[in-house]
Structure formats: structure tokens, C-alpha cells
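Work through the exercises below with the structure in view. Try each task before reading its solution.

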Amino acid sequence: MKKFIVLILFICLFLITYTYQDEIYNVYMSFASKPNVTLKEKNDYTRSYSFKYVSLTDNFLPETLEEVRNVYYTILNSGVDEFSFYCKKDTTCLDNVKALANDQTSLSIINNYVHPFNSFKRITTNYDETNKVTVSIEHNYNDNVREIVLNKVKEIETEIWNNSMTDREKIKAAHDYIINHSRYDKERSDNGIINYQSDIAYGPLLQGYSLCGGYTDAMELFLEDLSIESYKISNDKHVWNGVFLDDTWYHLDLTWDDPITSNNQDILEYTYFLVGNEALEKADNNQHSFDKSIYLEFSN
């Protein structure tokens, strides 16, 4: 009889556990300490350095908005397609996650600091009752496009660089090549007609047409091969490169060094070639205002 009662109790316990397994798990996770989360996965385009606005982190139990921002940067920088971390209970973490996840401008700014191949085309954030946060990323470059662009970059470097050149000379050679082999994609910019992948490096390097995003991505690939730190500077109108050369941060804008003319004549300029803030402001065309509280390397 006792064995029968024990069996009945066991069956009832099993059924209750099975029926309410999600609720039981959530209650457990609410009181249990969160898992020790680490991000070990990296790809060939993961940057090993931080910036003043965003930093690499191993703290995947963030609380403040700055800590959450660093988590997002570290995730994007790694090149993973999906990653989960946790918010501590009774902190502002989840509120900060929601604020950042719903702020496309802030997400785009973080995107400026990663290698073009690790940048996102689309990013989504989901969270559950246990304060588990999952970030999912669709990248700007798929494997096929990435391989084609990489091969083209290597081909161009063999053509335009030699061992006797300084880094500045190599940057100038890449600047000149990109401009001389592409033109601004006015059809897409003015009319929304998409004939080319001009918003990424494939456009200027393979198709001969570019938007400002394509120019900056293409230039950044050459800078990466020179082991030169760089990122993209953007506002609501425009994007260009920030380049760390000879212990100094410079602005570099291929879009405006490849001006559009009324007779479609190809022109190569150097107005925005490795210039400081003062020169940028002097030559400004109302396209280069930027937030120095974000792009802190240019704050002095």
C-alpha cells in the first residue's frame, strides 16, 4: 500500500513539474544567481582594442547604460550572430537595455566602431522573465560578398602599394584608387533606386558606384590591412572615416573628395584627406557636424 501511495505521489509530482516546467524554471532563475557568461567566440575581424566611447568588456551582468553599451559593442565586435547575457534583478539594467534596443541612432553609433564585416544590417533584442537578454544580428556582409570584397582588396593592394611606401602614402593610394574607380550613386541617394550595393564596400570596389557608407567601408578595409585604428564618424546626413595615424586622429572623407559635377567629370580632391578638426570646420559644407561627446578622440 505504501509503495502504491509513493508511486501515486511520484506520478503527481512528475505531472505538476512537466505541466509547469516553464513557471518553475522562471521562479528558480529569479532567485538563483545568473550563469557566468563569457564571450570567447571571435572571428578574423574582431578588433582587439577599445575606444573612449565604447570599450571591450567581460562584464555580462551589466547595470548602467555605459556597461550595457559596452556589452553591445563587445557582441558586435566579436562577429557572432547571436549572444545572450543577463540583467541582475532589482537593477536598472533591463531598463537600460530596452532604452538602447529602441534607440536606432545609438545602435548605429556603436556599429561605427566595429570592423565593417562585423557591422549589422539589422539587430534585434529580446528578453524574458528571467532577465535573460538575447541579441540577434544580421550582418551587412554575407560570406560570399565578404570573400569577393576581400579578394578585390588584396588585388588592389598588390597593384597600388609597395614596401617603400609609408602608411600615409598607402592611405593616399587607396583613397585615390577608390575615388578614381567609383562615382557617387545619385540614383539611389536622390531617387531611392537601388541598382548597386553602394552602401557597402562592394559598391565602390566591384560595381563602381558608392554612397558615403560604401566609401567609408572600403577605406576602412585598407586601413585594417595597415593595422591602423579607425572608425566611422556619422551624423544624420553623412558618414566618414576617423583615422589614427602617427599618434593623431584625423578626418578622412572620400565622399567629398569625389565631388559631383554638372558635366559628370571625374574629379579627385584632397580637401578632406587626413585633416584635423580645424581644417574640417574651415572646409565644412554643413555635412560634417559631429558630436564630440561621442567621438571623444576628436574632443581636443
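A residue is buried when its relative accessible area is under 20%, exposed when over 50%, and partly exposed in between. The model used here is predicted.

**Exercise 1. Get an overview**

Task: State what share of the protein chain is buried, and how many helices and strands the chain has.

Solution:
- Start with burial. Of the 300 residues in the protein chain, 47% are buried.
- Next, the elements. The protein chain has eleven helices and eight strands.
- Then look at contacts between residues at least 6 apart in sequence. In the protein chain, 60% of these join residues at least 24 apart.

**Exercise 2. Describe how H3 packs on H5**

Task: Find the angle and the axis distance for helices H3 and H5, then classify the pair.

Solution:
- Two packed helices are described by the angle between their axes and the distance between the axes.
- Helix H3 spans residues 65-78 and helix H5 spans residues 104-111.
- Their angle is about 50 degrees, and their axes are 10 Å apart.
- Angles under 35 degrees count as roughly parallel, and 65 to 115 as roughly perpendicular. H3 and H5 are therefore oblique to each other.
- The crossing of H3 past H5 is right-handed.
- Now list the residues. H3 brings Arg69, Tyr72, Tyr73 and Leu76, while H5 brings Leu107, Ile110 and Asn111.
- Sort the residues of this H3 contact with H5: five are nonpolar, one is polar and one is charged.

**Exercise 3. Repeat for H3 and H4**

Task: Describe the packing of H3 and H4 by angle and axis distance.

Solution:
- The angle is about 55 degrees, with the axes of H3 and H4 9 Å apart.
- That makes H3 oblique to H4.
- H3 passes H4 in a right-handed crossing.
- On the H3 side, the contact uses Leu65, Val68, Arg69 and Tyr72. On the H4 side, it uses Cys93, Asn96, Val97, Leu100 and Ala101.
- By type, the contact of H3 with H4 has seven nonpolar residues, one polar and one charged.

**Exercise 4. Explore the largest nonpolar core**

Task: Which residues touch the most other members of the largest nonpolar core?

Solution:
- The largest nonpolar core has 43 residues. Tyr72, Ile75, Phe85 and Tyr113 touch the most other members.
- Ask which elements feed this core. H3, strand E1 (82-86), helix H4 (93-101), H5, strand E2 (120-127), strand E3 (132-139) and strand E6 (230-234) each supply at least two residues.
- H3 gives the most, with six residues.
- Follow Tyr72. Leaving aside residues up to four places away in sequence, Tyr72 touches partners including Phe85, Val97, Leu107, Ile123 and Val135.
- A second, separate core has 35 residues, among them Phe117, Ile160, Met165 and Ile179.

**Exercise 5. Compare three loop residues**

Task: Decide for Asn140, Asp90 and Ser227 whether each is buried, partly exposed or exposed.

Solution:
- Asn140 lies in the loop between E3 and helix H6 (143-160). Its relative accessibility is 25%, so Asn140 counts as partly exposed.
- Asn140 and Arg122 are 18 residues apart along the chain, and their C-alpha atoms are separated by 8.1 Å.
- Beyond four places in sequence, Asn140 touches Asn111, Ser119, Phe120, Lys121 and Ile200.
- Asp90 sits in the loop between E1 and H4. Its relative accessible area is 75%, so Asp90 is exposed.
- Asp90 is not a glycine, although it has a positive phi of about 60 degrees.
- Ser227 is in the loop between helix H10 (212-225) and E6. At 68% relative accessible area, Ser227 is exposed.
- Ser227 has a positive phi of about 60 degrees and is not a glycine.

Key:
Residues are numbered from 1 along each chain as its sequence is written. This is a predicted model: local features need pLDDT of at least 70, side-chain atom pairs count only at pLDDT 80 or more; totals for chains, interfaces and linings use all residues. Side-chain values use heavy atoms; hydrogens and water are left out. Axes are lines fitted to C-alpha atoms, for helices over the stretch in contact, and angles run from 0 to 180 degrees between N-to-C directions. Helices (H or I, at least four residues) and strands (E, at least two) are DSSP runs, numbered from the N terminus. Angles under 35 degrees count as roughly parallel, over 145 as roughly antiparallel, 65 to 115 as roughly perpendicular and the rest as oblique. A crossing is left-handed if the near helix is turned anticlockwise from the far one by less than a right angle, and right-handed if clockwise. Contact means heavy atoms within 4.5 Å. Ala, Val, Leu, Ile, Met, Phe, Trp, Tyr, Cys and Pro count as nonpolar, Asp, Glu, Lys and Arg as charged, and the others, Gly among them, as polar. A nonpolar core is a set of buried Ala, Val, Leu, Ile, Met, Phe, Trp, Tyr and Cys residues joined through side-chain atoms within 4.5 Å. Buried means under 20% relative accessible area, exposed over 50%, partly exposed in between (1.4 Å probe, protein chains only).
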